[in-house]
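Colleague: I've got some time before my gel finishes. Could you walk me through this one?

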Amino acid sequence: MIRRTTTSGEVRGVAERGIVAWRGIPFAQPPVGDLRFRAPRPPAEWRGVRNARHFGPAAPQDRGQFVGIDATTPQSEDCLTINVTAPEGSSPGDGLPVLVYVHGGAYAVGSSREFPRQGESLVRDGGIVYVSFNYRLGGFGYVDFTAWSTPERPIESNLGLRDQVQALEWVRDNIEAFGGDPGQVTVCGESSGANAVTTLMTVPRAEGLFARAIAQSAPTNAVYPPDVTERWAGDFLEILSRVVRDDDLESTSHDGAVDLLRRASTHDVVRATARLFLRTPDDQPGSIFLSPVIDGDFLPERPLDAFKSGRAHRVPLIIGTNDREGSVFTGRRDILATTPLRIRSIFANTKKKARKAITAQYPGLPARRASLDFGGDFSFWYPSIKVAERHARFARVYSYRFDAAPRILRLARVDAFHGLELWALFDRMDSAFGWAMSSLGGRRAFLRTAGRMRRRWLEFIRTGEVADWPSYDPHRRRTLIIDTVDRVEFDPRGERRRVWQDFVPHL
C-alpha cells in the first residue's frame, strides 16, 4: 500500500501489475442536494487515510444508449472522482509527464472505469503518470437550464465542462505528490472527450492547466448558442414533467422549473435525457443535444471562431479522425446526419451549387454507406480539419487519419470505425472484442501499428513534438496516415475538403 498526500487529505493506493494506482479520489464536493445543477466546489478535507483502491461510481446514465458502462458498474450523482496511475517505484517530485484522459460517450454515457486497466501500458512503457476522471453527463451536466436560474436558486452553465476544469485544477495542485509534473500535462480525449479537449482549449479558466492537447475524432463544432440550448432545456423540462407525472401547471415556468429539477429523482432525470436524446437527431438534424453552450462567460465564443482568431490556448495539438467515422452509427447509435431529411436540414444555409458539389463526393447518396460517410465527415472529419488549419497558424499541429483495420472489419464494411484507434492506443487487443476483431487475421499487423502509434503519442506527451511526423500547415497539409504501413500524405481527400469549404453551418 502506498500513501500520498493531497490538498484534501491522505490517500492509500495499491501496487499491481508494475504500476501504482490511486482511484476514486474526490476532486470536488458531491453535486447533490443544493449543489445539484451548480458549479463544482473544491472537495472537503478528510481525516485519516482514505482508501483509494477502487474506482468511484459512474455518472448517472442510460445503459441502453451507445456502449457505456456495464450492468455491474455503480452509478451515483456523487460521481466527481479522479484516478491516478504512476509507474511502480515512482516518488513525489519525480517530475514525470502527465496524460489526463477525458472519456467519450456523446456526453451521455461512459466513465473512467469502462476499461479498468486503461492507460497502464502507457505508464509502464512510457514512464508517464496517467489520470482519468468522471464528470457529470446527460441532464446533470450538459443541458443548459440557466434561463430558469434565479438569484435565490442559481443554476450555472456548462456543468460538465466546469467539472473538467475542476479536475485539471486538482491535477495542477496535486499531481506532483504522485510523481507528475504539473507543467507537463497533456489533455487527451476521444469523441465527446475530444470535443471537451478542443473546447477546453478555448475556455479562459483552463489557460495554463495543460501544455499539450490530443483530440481524437472530435465533433469540434458541437457547441451551440444559448437560444438553441434554451429551447432544448425547455423541451427537457416538458418531458421531465411527464416522466415524474407532475400535474402542477407551473412546473415548467420560470419559478417552478428549479423545484422540478431539484425534486426529480436521479432515474427521472436520466429517463428524460434519454427521451430527448433520441428525438433530437430528427428534430434538430446535425446537432448533438448534449453539448457545451456558448454562454459568453465561462465559454465566451464558438471554439472554431477562437481557433480562427488565435484566441485558443496556443499549445501543441495532435488532432485527427478515423477512415470511416460514421460507419457504426446505426441502430441505437443513429444520431448523425445520415437521412435525406437530416441532410437537407443541415444544408439550410448552404447555396445549391455548393450543396451539389459536396454531395457529389459521396457517390450513391443517400444510399446507406454513402450516408454514413457523409454524416461522419460532417460531424467529425471536416470540423477537425478546420481546427487543424486554424490552430496551425499559431501553434504546432500534428494531423492524422487512422486507417488500420483487421480483415473482419473490412469484410463487415465498417473498416476503421469511430473509436477503433482506442484499441491501439490503450493496448486493448487482449479484450474479448480485440480477439474477435482479429479472428480472421490481421492481429500482428494491427499490434505493430498500435505500437508505433503509442510511441508517437508518448513522444508528444513527453516533448510536445514527434520526430518522424511532419507538422501540419494550411498549405501543404501533411497528414500521417496510420495503417499497416504508415505514410505521410499531402492534403488527403483534398477535393472533398475543398468543396466542404463552401458549407455554411445551419446552427
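What follows is a chat about the sheet, the charged pairs and a few buried residues.

Colleague: Before I get carried away, what kind of model is this?

Modeller: Keep in mind that nothing here comes from an experiment on your bench. Local features are taken up at pLDDT of at least 70. The model is predicted.

Colleague: Let's start with the sheet. In what order do its 11 strands run?

Modeller: The sheet is open, and its pairing is mixed. Neighbouring strands are turned by 25° against each other on average, ignoring direction. Going across, the order is E3-E4-E6-E8-E7-E9-E10-E11-E12-E13-E14.

Colleague: Which strands stand at the edges?

Modeller: Look for strands with a single partner, because one side of each is then left without a neighbour in the sheet. That picks out strand E3 (14-16) and E14.

Colleague: Say I follow Leu 317 in E11. Which residue is its bridge partner in E12?

Modeller: On one side, strand E10 (residues 212-216) is joined to E11 by 4 bridges, running parallel, and there Ala 213 has Leu 317 as its bridge partner. On the other side, E11 and E12 pair in the parallel sense over 6 bridges. In E12, the partner of Leu 317 is Val 397.

Colleague: And one strand further, which residue in E13 stands opposite Ser 399?

Modeller: Strand E12 (residues 397-402) and E13 run parallel, with 4 bridges joining them. Opposite Ser 399 you find Thr 479.

Colleague: How many of the residues of E11 are buried?

Modeller: E11 has cover from a helix: H11 (residues 368-391) packs on the sheet and touches E11 and E12. The direction of H11 makes about 160° with that of E11. E11 is mostly covered, and the count of buried residues is 6 of 6.

Colleague: On to the charges. How many salt bridges does a search of the whole structure find?

Modeller: One of them joins the side chains of Arg 17 and Glu 16, at 3.2 Å from N to O. Arg 17 is partly exposed, because its relative accessibility is 33%, while Glu 16 is buried at 19%, since the cut-off for buried is under 20%. For the whole structure, the search gives 39.

Colleague: Asp 235 pairs up with Arg 279 too. How many residues apart are they?

Modeller: Their side chains meet in a salt bridge, 3.9 Å from N to O. Asp 235 sits in helix H5 (residues 226-243) and Arg 279 in helix H7 (residues 266-283), so to speak of distant parts of the chain is fair; the partners are 44 residues apart.Colleague: What about Asp 323 and Arg 493: how far apart are their closest N and O atoms?

Modeller: This pair forms a salt bridge. Asp 323 lies in the loop between strand E11 (317-322) and helix H9 (340-346), and Arg 493 in the loop between strand E14 (487-490) and helix H16 (494-500), so the bridge ties together parts 170 residues apart in sequence. At 15% relative accessibility Asp 323 counts as buried, whereas Arg 493, at 29%, counts as partly exposed. Their closest N and O atoms are separated by 2.4 Å.

Colleague: Asp 486 caught my eye. With which side chain does its own side chain make a polar contact of 2.8 Å?

Modeller: Asp 486 lies in the loop between strand E13 (478-482) and E14, and counts as buried because its relative accessible area is 17%. Salt bridges with shared partners join Asp 486 into one network with Arg 452, Arg 455, Arg 456, Glu 459 and Asp 468. The backbone nitrogen of Asp 483 also lies 3.0 Å from a polar atom of the Asp 486 side chain. The 2.8 Å polar contact is with the side chain of Arg 456.

Colleague: Is Glu 120 buried or exposed?

Modeller: Glu 120 lies in helix H1 (residues 120-126). Beyond four places in sequence, Glu 120 touches Arg 17, Ile 19, Arg 23 and Thr 85, and a polar contact of 2.8 Å joins the side chains of Glu 120 and Arg 17. Because the relative accessibility of Glu 120 is 4%, the verdict is buried.

Colleague: Last one, for my gel. How many disulfides does a search of the whole structure find?

Modeller: Cysteines are there, including Cys 79, buried at 0% relative accessibility, and Cys 188, also buried at 0%. A disulfide would need two cysteine sulfur atoms within 2.5 Å. The number found is 0.

How values were computed
Residues are numbered from 1 along each chain as its sequence is written. This is a predicted model: local features need pLDDT of at least 70, side-chain atom pairs count only at pLDDT 80 or more; totals for chains, interfaces and linings use all residues. Side-chain values use heavy atoms; hydrogens and water are left out. Helices (H or I, at least four residues) and strands (E, at least two) are DSSP runs, numbered from the N terminus. Buried means under 20% relative accessible area, exposed over 50%, partly exposed in between (1.4 Å probe, protein chains only). A polar contact is a pair of N or O atoms within 3.5 Å; within protein, one must be able to donate a hydrogen and the other to accept it, and residues adjacent in sequence count only if both atoms are side-chain atoms. Contact means heavy atoms within 4.5 Å. A salt bridge is a side-chain nitrogen of Lys or Arg within 4 Å of a carboxyl oxygen of Asp or Glu. Two strands pair if DSSP finds at least two bridges between them. Axes are lines fitted to C-alpha atoms, for helices over the stretch in contact, and angles run from 0 to 180 degrees between N-to-C directions.
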